[in-house]
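Trainee: Please take me through one part of this model in detail. I would like to look at the pocket, and then at what surrounds it.

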Amino acid sequence: MTKSAKVRYARHTRGEAAEKIAENYLSDNGLRLVTKNFHCKAGEIDLIFWDQNCLVFTEVRARTNTHFAYPVETIDYHKQKKIILTAEFFLLRFAQCANHACRFDVIGVDFSTAPPRIEWIKDAF
């Protein structure tokens, strides 16, 4: 395996671990999982949950080094727009969800600490 392939694999594995940590954290806080890794032509949403009658579209971000930015600080305007567009596709595909309130949360997982530090921003954008 080439060095660049090893780096991609490590990032993918770290991303999966961060999503699992976020899924467990939100479930432990009373949210109910709808689906993971929803894909459409607009993009992907990592986790979708119900928080009572509110549909929660969740972006999970992970970092192993926070010298330049914390995980939750890495979601720029363009990424937010992509997530919103993907959520609109989800609501079109699953019309039974369209009449419920929605919000966009961000979970940051900081792997530079042991255990990893979790930051949850509700209604982030």
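Mentor: The largest pocket has a volume of about 340 Å³. Keep in mind that this is a predicted model. The lining of the largest pocket counts 14 residues. Nearest the centre lie G15, E19, E59, V60 and R61.

Now the elements behind that lining. Helix 1 (3–28), strand 2 (43–51), strand 3 (54–63) and helix 2 (77–93) each give two or more residues to the lining of the largest pocket. Helix 1 has the largest share, with 5 residues. By class, the lining residues divide into 9 charged, 3 nonpolar and 2 polar. For a computational chemist, that split is worth having at hand: charged residues account for 9 of the 14 in the lining.

Next, the sheet. Strand 2 and strand 3 belong to an open sheet of 5 strands, in the order 1-2-3-4-5. The pairing in this sheet is mixed. Its edges are strand 1 (32–40) and strand 5 (117–121), and each of these pairs on one side only. From one strand to the next, the twist averages 25°.

Look at the start of that order. Strand 1 and strand 2 run antiparallel, and 7 bridges join them. One bridge pairs C40 with G43, the partner in strand 2.

Stay with strand 2 for a moment. I48 lies in this strand. Is I48 buried or exposed? I48 counts as buried, because its relative accessibility is 0%. From I48, go across to F90. The two are 42 residues apart in sequence, yet their C-alpha atoms are 9.9 Å apart in space.

Back to C40, since its sulfur raises a question. How many disulfides does the model have? The count comes to 0. A disulfide needs two cysteine sulfur atoms within 2.5 Å. For C40, the closest cysteine sulfur is in C102, 14 Å away, so the gap is too far for a bond. C97 also has its closest cysteine sulfur in C102, at 8.0 Å, and that is again too far for a bond.

Both C40 and C97 can be checked for burial too. The cut-off for buried is under 20% relative accessible area. C40 has 17% relative accessibility, so C40 counts as buried. C97 has a relative accessible area of 8%, so C97 is buried as well.

Definitions and conventions:
Residues are numbered from 1 along each chain as its sequence is written. This is a predicted model: local features need pLDDT of at least 70, side-chain atom pairs count only at pLDDT 80 or more; totals for chains, interfaces and linings use all residues. Side-chain values use heavy atoms; hydrogens and water are left out. On a 1 Å grid over the protein atoms alone, a cavity is a set of points where a 1.4 Å probe fits but cannot get out, and a pocket is an open set with protein on both sides within 12 Å along at least five of seven lines; lining residues have an atom within 4 Å of a point. Grid points are joined across faces, edges and corners, and a volume is the space filled by probe spheres set on the points. Helices (H or I, at least four residues) and strands (E, at least two) are DSSP runs, numbered from the N terminus. Ala, Val, Leu, Ile, Met, Phe, Trp, Tyr, Cys and Pro count as nonpolar, Asp, Glu, Lys and Arg as charged, and the others, Gly among them, as polar. Buried means under 20% relative accessible area, exposed over 50%, partly exposed in between (1.4 Å probe, protein chains only). Two strands pair if DSSP finds at least two bridges between them. Axes are lines fitted to C-alpha atoms, for helices over the stretch in contact, and angles run from 0 to 180 degrees between N-to-C directions.
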